[in-house]
Structures are given as C-alpha cells and as structure tokens.
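Reader: I've just opened this one and I'd like to learn how to read the place where two chains touch. Can we start with a single pair of residues and work outwards?

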2 protein chains.
Amino acid sequence: MQLETINNYVYGQWLPGSDKFAQLLDASSGEEIGQTSTHGLSFKDALEYARKTGNPGLRKLTFHERGRCLKSLALHLLKHKEKYYQLSYCTGATKVDGWVDIEGGIGNLFVYASKGRREMPDLPYYVDGKTEGLSKGGSFVGQHICTPLAGCAVHINAFNFPVWGMLEKLAVNFLAGVPAIVKPATLTSYLTQAVVKDIIDSKILPEGALQILCGSAGDLLGHVQSQDIVTFTGSASTGQMLKAHPQIMKESVRFNMEADSLNCSILGPDATPDTAEFKIFIKEVAKEMTIKAGQKCTAIRRAIVPENLMEDVSQALKERLGKTTIGDPRRDDVRMGPLASKDQLHEVREKIEELSKYAELVMDGRADFEVIGASRDNGFFMAPTLLVCERPFENDIVHSVEAFGPVSTLFPYKTTQEAIDLANKGGGSLVGSLVSADKNFSKDIVLGTANHHGRLLILNERCAKESTGHGSPMPQLVHGGPGRAGGGEEMGGIRGIHHYMQRTALQGDPTTLSYICERHLPGADRPESERHPFTKHFEEIKIGETLTTHKRTVTETDIVNFANLSWDHFYAHTDETSLEGTLFESRVAHGYFVISMAAGLFVHAAKGPVLANYGLDELRFTKPVYVGATLGVKLTAKEKIDQEDREDETPRGIVKWQVDVTDDEGENVALATILTLVAKKGE
Amino acid sequence: MQLETINNYVYGQWLPGSDKFAQLLDASSGEEIGQTSTHGLSFKDALEYARKTGNPGLRKLTFHERGRCLKSLALHLLKHKEKYYQLSYCTGATKVDGWVDIEGGIGNLFVYASKGRREMPDLPYYVDGKTEGLSKGGSFVGQHICTPLAGCAVHINAFNFPVWGMLEKLAVNFLAGVPAIVKPATLTSYLTQAVVKDIIDSKILPEGALQILCGSAGDLLGHVQSQDIVTFTGSASTGQMLKAHPQIMKESVRFNMEADSLNCSILGPDATPDTAEFKIFIKEVAKEMTIKAGQKCTAIRRAIVPENLMEDVSQALKERLGKTTIGDPRRDDVRMGPLASKDQLHEVREKIEELSKYAELVMDGRADFEVIGASRDNGFFMAPTLLVCERPFENDIVHSVEAFGPVSTLFPYKTTQEAIDLANKGGGSLVGSLVSADKNFSKDIVLGTANHHGRLLILNERCAKESTGHGSPMPQLVHGGPGRAGGGEEMGGIRGIHHYMQRTALQGDPTTLSYICERHLPGADRPESERHPFTKHFEEIKIGETLTTHKRTVTETDIVNFANLSWDHFYAHTDETSLEGTLFESRVAHGYFVISMAAGLFVHAAKGPVLANYGLDELRFTKPVYVGATLGVKLTAKEKIDQEDREDETPRGIVKWQVDVTDDEGENVALATILTLVAKKGE
C-alpha cells in the first residue's frame, strides 16, 4: 500500500506541512508508505479556530443533540471500517488487534451516544447533585450546575491505538460540548487521519469541532489557555514533561494524563492447576502479553503467583506462549504482528536486558523465532519474553522498568499481604487483576490494592466467559490510575464529561435558581396552574406549575379495605393491641394507601395527554397517618425530559412531578417524585 | 499579649525549630508577640509518620466513625473559642472577621460531621454510582468504589483565615480517612497552632492524623509521594511554582490550588437607585471591601455596573465606605482592622499605584484617615480605596492586578454581553455575583459566566436577608475556580472527599462484587432466606438473602376495588372503550395496586423487628398488568445502613430491599427499592 503525503486538518482546511517530513513505515516490511509534517502551520490559529468556531457550535447543542451526533458518527464510521483495517495492518496490528482499536473505538461513540440521551438532560448544561439548603427560612439555597468550558480539548495520543485512542476521548469532549484538536503519534497518524477525514467529510459535527495535526506538536502547548483542556496518553516521562509546561502552569490548564504502568495480575492460592481459574489466568496473561504485541498501556507486566504454583505457572505459560505464531498481521494464521517501529523494538530489547539483571529469562523473545509471511530482518518482530524474579522485594527495578512489548515477569508471594505489597510496588497502575474463586481473598486484595489502581478485574469461572479482559478499558468505567499511571481519569461514563465542563455552585433564591436550572427546586414558587396540568401536552407544561387538590379524610374503613385489598395485614395497620413500644399511637394507614389516595386526588380521569404512570422516585413517609386525618396534595411540574420520537409511538416526553401530601395540621405526611409519560402536541 | 516560641507538632512531639526564627507581630501595634521556626525538623519523617501512623488509624474507621470524630472535635473547639478570638485580634481581625474565621471554621466540621453520617455508608470506603452492565448475559458487570489514599494531605495555607483555612480542609481529609500536615502561613501561624494544640490534646483523632509546621515549608514537597495530596491556598504566583515542583510531577501527586482572583459583582440594569437591589449591591460591595480589610481571596475586586448607574453607584459607595471606622480590631466601635503585615500594606499600596494608571482613584485609602485606639504609624492600617475605570476593554491590567486589601474598581457596561465579557476578563474566578430581580438577565449572566467561575451568587430582595454573602464559601458548595483562581475545587459537600480518595472501577461477577461492596448488585445470587427476613433483626440480615413469595392472580374485582378505594379513576383503569391509541390492550391494573399487592405478598404480618415502612426508591412499572395475570415477588436484602443509637428510641438501622414483581410469563412488571426501619437485637 502506497500512501500520499498525509495532510493535517486545521482552521477549516486540509493542509500539508511545508518541511521536515517524517517518514511513515509499514511495521511488517519496513517499507515507506507515506510522509507527514506539521511544519509551517499555526498552532495558535488552530486553537483560536476551535475556540471561536468549534466551541460555540457545540456548546449550544443539548446533550441529546450531541448524543445523536455521536450515534450518526458511529454509524458513519462503521460503513468505512474496512479501509481502517487495511491501514491498521500497516501499524503491525492483526485483525483482532484492529478490532479492538477500530470497532472498540466506534463502540465508545455508541456508548456515549446512548448515555448522553438516556442519562443527561435535553439541555446544553446539566444540574449536578441535590439542592443544598443554606438558610433556615429556605429563601437562600445552593445548586451546582456544569457548563461546557469555552476552550478546546488538545489530545496528545499514543501510537498503539490510533483509532480507539482518539475516539475514546472525542466521544467525551463532544458530549460535553467542547471541540478538539487531535495530535496522534506521528508513527501511526495515517490511520487516525483516515478516520478524521471521514468525520470531517460527513459534516455531522459543527465546523471547527475537530482538527488534526499529523506530526510534531511544535509549540502547540505554548498557546493553550485556561478554558482549554490537555490530555496525554503515552509514556510517563513525556507526560510529566508536558504537564509541567509553563503555559499550562500559568493558565491552570486542566491536564489529564494516562501513562503506561506496571500492571499486575494476581493468581489466588485457591487456583491450583486443576481449577478453571488456573487456566483462566494462563490464558489471560498470555493474551495480554501477545495482543497488540504487548504494546498496551494496560498489558500485564507483572504476574504475581503463589510461591508453590510458580513452577506450574511458568511451565503452562511457556507452553502457551510457545504456540504464538508471529508474522504478517494480514494473515489469518498469524497471532502476533510486529512492534510498531524499529525504535520500539530497540527499546524493548534494551529493557529486557535491564530486567534480566534482576530476573531470570525463562523465555527470550530476542532469540531466533519463525516469522510467517514477512522478513524478520525488515520488519520489527520479536517473540514473547518471560522472566521470573524469585526475590521480588529485593529491588525496585523489576517493578518500575517497563518493556513495552510482549514481555512479562513472574513474581512469587507467600501471604495475601505480600501479594498486596507486590501489586502496590507498581507505584500506581491503570489496572490490576486477580484470578480467584475465593471471595474473601478477592475482597482482601481489592481493599488492599484499590487505592493504587484505576481499575481492578476480579476473574473467576463465573464471569470469565463474558469478561472483557484485563487489558480493555470500557467507556462505562474510569480509565486512568494514580502515581506512575499519571494520576488521571478518563471516561467512566458520564463522569468523564466533567473533565471538559466547569462545575459552578449557584446560590440564590430557589425560584430564580429553578428558572436558571429549568427544574423545580425545593422552596421555589409553585404557581397554581390555570387548568389541570394532566390536560396539558408536554410542550405546554411549565416547570413549577402546580395543582392543589381537594382533600380526603382517612377513615377506619379505608384502612380495613386497603388491608383486605392489598393483603398487607402488617400488625401496625390491623392490630390495635400490638402497638405498645412501636412508633405508632393507633392503627396507622398503609404508606401505600397514602400514596394511592394521593394519586386519587391528583389524577385527571379523562383521556388526555398523560399516557401512563411510569414510576416513582424517593417516596418518603414522613409522619404516621391515623383515622380522621384529612389529606390534600400539591402536585408540581418538577422536570421535563424530552424523548426522541420513534416510529409507531406517540411523540412523548417524561415529566417528573413533585408530590407533597399534607395533613390538616399542615404537616407533610409523604413526599415523592412521580414520573409520567406525556404526549406531545406536535406541530 | 506576649507569646512564647511557637512549637511545631511533628512525629508525635511538640518541637521548636532550632534556628532562623521568624518574628510574629501584632498587626495593630507592630509589636513582637512571638517567634517560630521549622529549622532542623525532618519533613521526610513527618510525612512518613503521617503515612505509617496516621493513615492506618484513620482509614480503618468508617465514615460514620469519622463523622462522629468531627462532631466531637467541633464541640471541643467551641469550648475554647474565646482563646482563639484573643489571638485573632492580633492578626488584625475584628470580632466579625474572627467569627467568620473561627466559628465559620468550626461550622465546617459540623457540616462534614453530619454529611458523613447522613450521606455516607457505615464503611471505610464507599460505592460510587450505579452498577454498569458489561455483558449480555449479566455475568460480568462493573462497579466503582472509592477508597482512602494511603498517603498524607499536605495543606499549605494562606495568612488570612488561620482557623477556617485549616478546618475547611481538615474536615474533608479526615472524613475521607486521610491524615494531614498543616503548613499555615508563618505570619498568623500562632492562631492556627493554638487550634491544633487543642485538637491534639483532645485525643479525639487517632495519633498521627494531624501535624503542624509553623514556619518555612523547607523541602517538604521534595518528599511527597504518589499517595499524598498537596493543597495550596494563596497567591497565584506561589501556587504555580509549587504545582510544578519536580517531585509533584514525578509522582503525579494530586495538587489542588485555590488562588486569589479578580472576582466581580454585576449590578442588573433593573436595579435603579430606588430599588431594594441597588441597596443590596452597595451594601455587599462595601462589606466585601472592608471585612477582613479586604484580604479575602473571594472579595469583590471588580464591580460591573450599568453605564447609566455608574455615578449613582460611585456616590453611594463613597458615602457608605466613608463611614468605615478603622482601628484596633478589639474595639466594638471599629469596623475594619489593619492589614496583616507591613509587607502586605506596602504591596497593596503599590498595586493601587499601578491600577491608578488605568483607573481614576475616587477614594484613596492611602491618604490621611483616623485610626481609633491604635497608632497609625506602628500598625498596618489603610482606608477603603475605590477606583473607576471608564474604558474597561482597553487594557487587561485592571482585570489582572489584584490589590489584596480594601480596594475595588468600578466598570461600566452597556449590554448584557458586555457585562459577561467583563466578568470573564478576570480569567477565571473563585466567585462572581449579580444583583438583579430580573430572572432573564440573571439566567443570561449565569449561563454566560458560569464556565469562568467556581461559584455564582444571584442576589435579590427575595434572598438577600438570608444570603451568606458573596465572599463566604460554604462547605456544602464547591470552592475554587478555573484559570486565575487556580483550577482547583474544594469542599462541595461529599464531592470534596473524592480529592483524598482513589476511585477504582471493579469488574467481575455480580455476586463477588456484591460481597466486596457489601451491597446487593443487580444479577448477584439471591439465596433463599431460611426464614422470613422480616423476622430478623438488623444484625441478622445478610446482604443478598431473599424471600420468594407465594403468588396472586389479579382480578377485575381487584382493579375495580382499587379504583374505588383510591379514587383513582384514570381512564386506562376504568374505561374499556377508551383504549384505542393508548399503550394498553385492556383495562390495566393501577401501578400503585401492583406495588401495594406486592407488599401484601412480602410483608410479615406479625409484630417483629421491622418497625416501619420508611419509603421507596426508583419504582418503575415495566409492563402493563391485566386481569388474569398472576404475580409473585422476590424480596432481597440490598443494603444495610446503620443508625446511631439515640436515647428514647429502639436501636435500629435502615435496610433497603430490592423488590421484583414478576408475572406468570416470568417477566418483570415492576421493580423498586423499599426502605424499612429494622430494630437491632443488641447485645
């Protein structure tokens, strides 16, 4: 495959660099397949374009609209995936490696598309957490909101996942309403660029939402400002350097770092060679060593094994790894492709040399091995390498030097505490795993190591079949880790968008804050609706409008009838002689009767826009209701959640209503939020 | 008042420095009142002591236990408050200033004491967010937990709030389970130290939980590690320098910065001189200028005023500020004390000089003024200073140079967008406020400026009386701001404890994760209880244990009876002819009947440990129930929340139960979480 010069996309144009081109090589053949450069481009202008053109276009969209963009984008890219696979082979990735990168990346867009529409409001910003009372009289309250930053996300990415590495971040910043400039590692930038080209061509995103620089980052960071966000994925040393950039310090720019770490996997003492867990462990370690030729920031670098099982594990791993076929990643019979570059190969070999001073090489991937369908001399191949470190507490090199290839080291442990200490010697990791069917062992390991890890996988026979594996970050879960892993946090479902938004505490009177938040907050005005709110369509309902109902006196007959109808004969409702020492003075009305009769008071019986009672949140019974109490209800429109129109369904939205049931002493006896499906009027 | 040498508390000992003593002066008289130094202490040992002695003692406590410690601490310090007021006067603080610092600080302990017990579990760690499905079959799920970091919090604090500045941070790190070393500004460290002494003497906290360094921070940051946390409050320049410390970079140490910023207050165009809002604005600006002699990182430095109201505002402010009595803060007739030091006074005067090049000095606090009960020559006094900048868009100096004293500048604006632009010219602020009764103006300003602010106060007549004011961070709300304000975030209620904890994504089978999280997660095993779980006391109930009930066939009679008893005659339950175009095939059972009859199936009628039905969360109706459907229930113990024993109450806890109502086709028709109060068995 012969490629052209790879262009950059900046300030609305596809531009080549003007000088200092980097050569791009096929990892299996070493042949040149293209060149790229960012020389001569104005990074300052690119940032300004993102802020001035991209940001306003994105920030005004609602989460639902952004979610729909992400879904369209995902569907669009899926159509082009074959092209990406072809380019992916050039990076040294097998079909399976490419699947993780390409379809895994697109999968992230789908997940965020869905979360944006299901978990977020149909607004450009969101209300965060509950209202906080700040005054006795209730006229002064606090409420947090999160709004998109007015800048640009700058993503400096690693070479190993050219597609996923970009999309896992874009999904999040776009959902947050913030544009991005992507700076992929030059080495594999042609694949990232191909995806960006399809995104730009699709015109699904507002112009300026995405730019790409396929080459040196030059003075890019020298122009970032306080509303920008920089993310970095790559080696710890580079990341630390960038994070301390004077401009980043001066402007307090948010910097999220995700660095390679010395991730471990721990085998439980219960997982003897006859168990399913033993086999799961061997398979997982071997898989993490060979997938992507071990060039994963989440790969298992350290396998921590009960002392008495070391020999068994070592043997089983050698046997399994020995079967790894190495060669041209385009071939179906090849399990592991080359490393990404000659430099990578050189560096991994050096690191193995260093590690071998403190650990025994039981399988040396630098030795002779067969290469299928490619030349060992021209491509950047190596075989799996296994080391055994018998005295793991004697030095820290084995826990801090990382060979970023198909390389792992085995460590023995005697006690659970030793296993915990060894895991934590990584100094902070993206991920750790443990393989055990013993729930007590699993709990001890988790609680002993969680503060050193961003993710922990607990594997056993119950979940192994459906497990997504040690090495795979999931969009629903946080990705990142403390210390050595960079101290960052990405994704984690909706948590991730907070990195691109500012949380602001609003203080004021509840009515004004309700208006700003487009949500009825406790204590806000509740103006009486001019007609029953259940006769109104979704669009007609105003936040805060209220129905104050007629009243009803609770009788003994009601309680008896409700007990008989529900079959709930709990003594407090039915046995007058049983109440000594209880919370109740006499037979109390069922809580479910109180909420049911409240519905009887507030429901509008005639057919109208309300399609169904959908559910109920946070119902609390605040005061016992006895015979003779007279109850009334206030029903207030609290929040409206638009729903996408679907064929064969009446267009609709969800309306949440605040329900307060009050007795004749004016005291609250129950409160709840009820959910209704309400039809739209339409045009 | 003559003080001794101020000792440090490190590695379990009260120790003086050995050399290089700093002199501590009374701000009103300039007289020496003590000296302090950290020379000769081992900062490395102090950190190690916190990690090895303080951390294990705190992390093993549950949130409830930590909350109780905070409450005891708050009550203990309140007893000693008179002593703190006496020392506070020496710093230049009036009684009111001291109240904010001392009782405000203690108030933070109370708030976190309460939140820890009411909002957090009775465990040393907490479960964060919902379970995430990660597989089709449900055997593999994700769940986040947060565990305390294993290190030490290092708090580098500012001179202006010696008590609050420490306690607002300690409340949070202690609740998180992490110890602290406090490094107050040397200038006012004697007051901080007096509080620390009482905390240590009280023995309420585990040993090693708190240390204090009253002097230079020396090489303290050179010894921090990846599980430590550094917080900084003070000037932006110092903060940026510390944040870039090589050791902080190398270990990816969390660094939270809260810096002085050019906070603004905006007057709405509706707030003409005849309005309540005008008076509120004048009062607020004057208060923020003079309280603590304007030495507050949240003070109003920029007042943004409608062009046509500039003259009115300027006149009214001058008049009000002119009445400020200045002098010995111990006197009741003094409204404003001195600045904290000669250096501060010098610096503020210099900054006024700089600002006056771009803004007109309409009130110059460097000129002659009366000082009551103290000597103007010996103390560090100045008077309020007001500037007017007629052309606010012409230079950035007026938006970036901060005079950290009783100094503010007025700026005119023409349009709402201009007001927003001026506010945001601060480059990121801790707080902004707006004073207006116009809800549309308020909403525009909030949505236009929120991303530049950590907090926004919306003031009007509705809330002004109960407002806590522009300058007061509240423990329930986040404190911090982007850009110039340092990019950090503190407090914010429970949000704050996350700064001291590691969030970890757990992946595995739901049964094992339930065991680790001490909470029943969706898909986990639900072993049948050996007897009805409502016959069990709080301690006896095991997470996951389940009651599978008998069943009940829903009849037309049930629906009719329920409609009559509840008075809920909604057409879908009662009118067979009305169902065309609805979600329903025939008259549907009321949702509240379904949940009520579920209770009839799962409730144990006889008197026993279940004291009451407390409420219900997340009830969802998932499938319509028609006549003839036969329903059964699974009731599973989901979560147990211990409650503190109170006199005159049966000792109890809250148990949350998962309720699944299923029909004869095995499909779910309703699910919910119900809450019961369950008595403890006791000893």
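Author: Sure, and keep in mind that this is a predicted model. Start with A:Arg462, which makes a salt bridge with B:Asp509. Their closest N and O atoms are 3.3 Å apart, and the cut-off for calling such a pair a salt bridge is 4 Å.

Reader: How many salt bridges are there between chain B and chain A?

Author: The count is 14. If you look at polar contacts instead, 77 residue pairs turn up across the interface, both partners being at pLDDT 80 or more.

Reader: Which strand gives chain B the largest share of the side that touches chain A?

Author: That's strand S24 of chain B, residues 610-621, with 12 residues. As for the make-up of that side of chain B, you'll find 53 nonpolar, 49 polar and 29 charged residues.

Reader: And how do people put a size on an interface?

Author: Often by the accessible area lost when the parts come together. Here chain B and chain A bury about 10800 Å² between them, with 55% of it on carbon and sulfur atoms. On chain B's part, the top three residues are B:Gln507, B:Leu565 and B:Tyr592, which supply 7% of the area that chain B buries against chain A. In terms of contacts, 131 residues of chain B meet 132 residues of chain A.

Reader: Which strands of the two chains pair up, and in the parallel or antiparallel sense?

Author: Look at strand S22 of chain A (residues 501-508) and strand S19 of chain B (residues 453-459): they pair in the parallel sense, over three bridges. To find the spot, go to A:Ala505, which sits opposite B:Arg455 in S19(B).

Conventions
Residues are numbered from 1 along each chain as its sequence is written. Chains are lettered from A and ligands numbered from 1 in the order in which they are written. This is a predicted model: local features need pLDDT of at least 70, side-chain atom pairs count only at pLDDT 80 or more; totals for chains, interfaces and linings use all residues. Side-chain values use heavy atoms; hydrogens and water are left out. Contact means heavy atoms within 4.5 Å. Buried area is the accessible area (1.4 Å probe) that two parts lose on being put together, summed over both. A salt bridge is a side-chain nitrogen of Lys or Arg within 4 Å of a carboxyl oxygen of Asp or Glu. A polar contact is a pair of N or O atoms within 3.5 Å; within protein, one must be able to donate a hydrogen and the other to accept it, and residues adjacent in sequence count only if both atoms are side-chain atoms. Helices (H or I, at least four residues) and strands (E, at least two) are DSSP runs, numbered from the N terminus. Ala, Val, Leu, Ile, Met, Phe, Trp, Tyr, Cys and Pro count as nonpolar, Asp, Glu, Lys and Arg as charged, and the others, Gly among them, as polar. Two strands pair if DSSP finds at least two bridges between them.
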